[in-house]
Amino acid sequence: MKATHRWNVKTGATRSGKTYMDYFVIPKRIRAVAGKEGLIVILGHTKGTLQRNIIEPLQNIWGTALVSDIKSDNTAIMFGEKVYCLGAEKVSRVDVLRGSSIKYCYGDEVVTWHRDVFNMLKSRLDKPYSCFDGTCNPDNPNHWFYGFLYGKSDIDRYVQEYSIYDNPFISPAVVESLENEYRGTVYFDRFILGHWTVAEGLIYKRFADDCSNDKQMMLTHKPALSRIAIGVDFGGSSSAHTFVATGTDRGYNNLYALMSERCECRENGKQVEIDPERLGELFCEFVYRVIAVYGSPDIVYCDSAEQTLILGLRATARKKGLGWLRIENALKTEINDRIRCTTRLMAQQRFYYMEHGCESLVNAFKTAVWNPKELTKDERLDDGTSDIDTLDAFEYTFERDIAMFIKYE
């Protein structure tokens, strides 16, 4: 076993098996420092992901008598020791560790952590016997954790790298399915080959290719729908207000783009703001068009940054006979999580758009690109050259249901 350093990290593809052996390493590490001074800590993106990725697999192997659930005070009893289990996406989540010595830390999904959390951790592993084991999927090579793993320094570290092909137990059919899902995107290099690569070029290349070729994603007939949602993104002085309606079938097997509209007003060749009353009228007209073709929407999700405009939509909806319509705040989850879900549904042939009525959304997909000037993280370019507003409205309609669509995650 070569992982005898202060910092031991596995980086590589999803489903590569890199985490499995840690379910046997963790108890060994905990027992090795039992009774010694310092805390035992497990850090992950959130407490929920820790429960799913670490605690539950450990319980399946070792039983709940040796591994408890995470309690309300963010601790668990593991192999006879008290273990702090904390989310590391925000510095405030790990304030309990300030001033404490850590004798062992296990880190899950390290690239999703806040950088200041990791910097604080480095100062807390201050015992001669302190050590860290961790895993991550590759990200941008300009990510701060890449610099820690591969930068020139005298850090006592050991790094293992994995591709999906290093897992001898994964089904070839699953490998082929994942290859097809990620091919043509930055995620193929990262989540299949295990490489740290820069996101560049078209985000939805598969969609653009489909539009130029056989148009398999385009529907000419009305699908059977179990739920309809409308997303609304409010534009500022240099962008437009956008509406997008989507539908899902029973079981969340497919996502359908039903209708989209981009609303902007120009005077003398210059874009001017649409007043709130007119915006409400345009919204209600869009809703009535959706009802006429596909039936009544179940929910409307709006950009939560504009509460005054949301109140205006509700007031106009009541005046126009749509008072029954639920108009709520969008969740506004991580943009890259929304992008990943969309690209995977497209790859799995589970995303479709209607032949007529989705022109603005189709154009938004075809022109969306990664920001070439952002070198430290994946960022969708938002400089007015592509229709980010329509993409936001589209994503608001399904972001709460990502876990339902990507079931095996």
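In this predicted model, 53% of the 409 residues of the protein chain count as buried. The accessible surface comes to about 19100 Å², and carbon and sulfur atoms account for 49% of that area. As for charge, the protein chain carries 52 positive and 56 negative side chains, with the centres of the two sets 5 Å apart.

Turning to the overall fold, the protein chain contains 13 helices and 16 strands. Its radius of gyration is 24 Å, close to the 22 Å that the globule rule gives for 409 residues, so the protein chain is as compact as a globular protein of that length. Measured out along the principal axes, the C-alpha trace spans about 70 × 45 × 40 Å. Contacts also reach across the sequence: among those between residues at least 6 apart, 73% join residues at least 24 apart.

A good place to look more closely is an open sheet of 7 strands with mixed pairing, whose order reads β8-β16-β11-β10-β9-β14-β15. The edges of this sheet are held by β8 (218–219) and β15 (327–329); each has a single partner strand, so one side of each is left without a neighbour in the sheet. For β8, the partner is β16 (residues 351–354), to which β8 is joined by 2 bridges in a parallel arrangement. To find this pairing in the structure, one may start from L219, whose bridge partner in β16 is M354.

Technical notes. Residues numbered from 1 in each chain as written. Predicted model: local features only at pLDDT ≥ 70, side-chain atom pairs only at ≥ 80, totals over all residues. Heavy atoms only, no water. Helix = DSSP H or I, 4+ residues; strand = E, 2+ residues; numbered from the N terminus. Rg over C-alpha atoms; globule rule 2.2 N^0.38 Å. Buried < 20%, exposed > 50% of the residue type's maximum accessible area, 1.4 Å probe, protein only. Contact = heavy atoms within 4.5 Å. Areas by Shrake-Rupley, 256 points an atom, 1.4 Å probe, with all protein chains shown as cover. Lys, Arg positive; Asp, Glu negative; His and termini not counted. Charge placed at Lys NZ, Arg CZ, Asp CG, Glu CD. Pairing = 2+ DSSP bridges.
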